[in-house]
Amino acid sequence: MLSGGALAFFMVSTEFVLVSVTSAVTVQIAAVVKEAVNILVAVFYFHDEFTWLKGFGLFTILVGVSLFNWYK
């Protein structure tokens, strides 16, 4: 329980430092990319079903992140 609490504390502290160095939008983009990676891991590692809706979501994420990086 102590190690889980310490891990959560350092995770939140790291996120605070990241937001202070960059911007909140950049952290949100990183969170969206993390969700896309979670979907890919679920499909490849856990053999979850890859539906057209997941594919459309991944495509939307890739286009959105690409446009954000191009704009920035």
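**Patch, pairs and a salt bridge**

Colleague: Which residues make the nonpolar surface patch of about 1100 Å²?

Modeller: Bear in mind that this is a predicted model: local features need pLDDT of at least 70, side-chain atom pairs count only at pLDDT 80 or more, and totals for chains, interfaces and linings use all residues. Numbering runs from 1 along each chain as its sequence is written, and side-chain values use heavy atoms, leaving out hydrogens and water. A patch takes residues with over 30% relative accessible area and no salt bridge (nonpolar side chains are joined within 5 Å, like charges within 9 Å), with areas from the Shrake-Rupley method and a 1.4 Å probe. Here the members are Trp 52, Leu 53, Phe 56, Phe 59, Val 63, Leu 67, Trp 70 and Tyr 71.

Colleague: Is Leu 67 buried, partly exposed or exposed?

Modeller: You'll find Leu 67 in helix 3, residues 52-71 (helices are DSSP runs of H or I, at least four residues, numbered from the N terminus). Its relative accessibility is 49%, and the cut-offs are under 20% for buried and over 50% for exposed, with partly exposed in between. So Leu 67 counts as partly exposed.

Colleague: What is the N to O distance in the salt bridge of Lys 54 and Asp 48?

Modeller: The count comes to one salt bridge (a Lys or Arg side-chain nitrogen within 4 Å of an Asp or Glu carboxyl oxygen). Lys 54 is partly exposed at 24%, and so is Asp 48, at 37%. Their side chains meet, N to O, at 2.8 Å.

Colleague: How are the rings of Phe 9 and Phe 10 arranged?

Modeller: They form one of two aromatic pairs (ring centres within 6.5 Å; planes under 30 degrees apart are stacked, over 60 edge-to-face, the rest tilted). Phe 9 is exposed at 55%, as is Phe 10 at 54%. With centres 5.4 Å apart and planes at 70 degrees, the pair is edge-to-face.

Colleague: And what is the angle between the planes of Tyr 45 and Phe 46?

Modeller: This aromatic pair is edge-to-face, 4.8 Å centre to centre. Tyr 45 is exposed at 60%, and Phe 46 is exposed at 57%. The angle between the planes is 80 degrees.

Colleague: How many residues of helix 1 are buried?

Modeller: Helix 1 covers residues 2-21, and its end C-alpha atoms are 29 Å apart, which agrees with the expected 28 Å (1.5 Å times one less than the number of residues). This helix lies largely in the open, because of its 20 residues the number buried is zero.

Terms used
Rings of Phe, Tyr and Trp (its six-membered ring) pair if their centres lie within 6.5 Å; planes under 30 degrees apart count as stacked, over 60 as edge-to-face and the rest as tilted. Buried means under 20% relative accessible area, exposed over 50%, partly exposed in between (1.4 Å probe, protein chains only). Helices (H or I, at least four residues) and strands (E, at least two) are DSSP runs, numbered from the N terminus.
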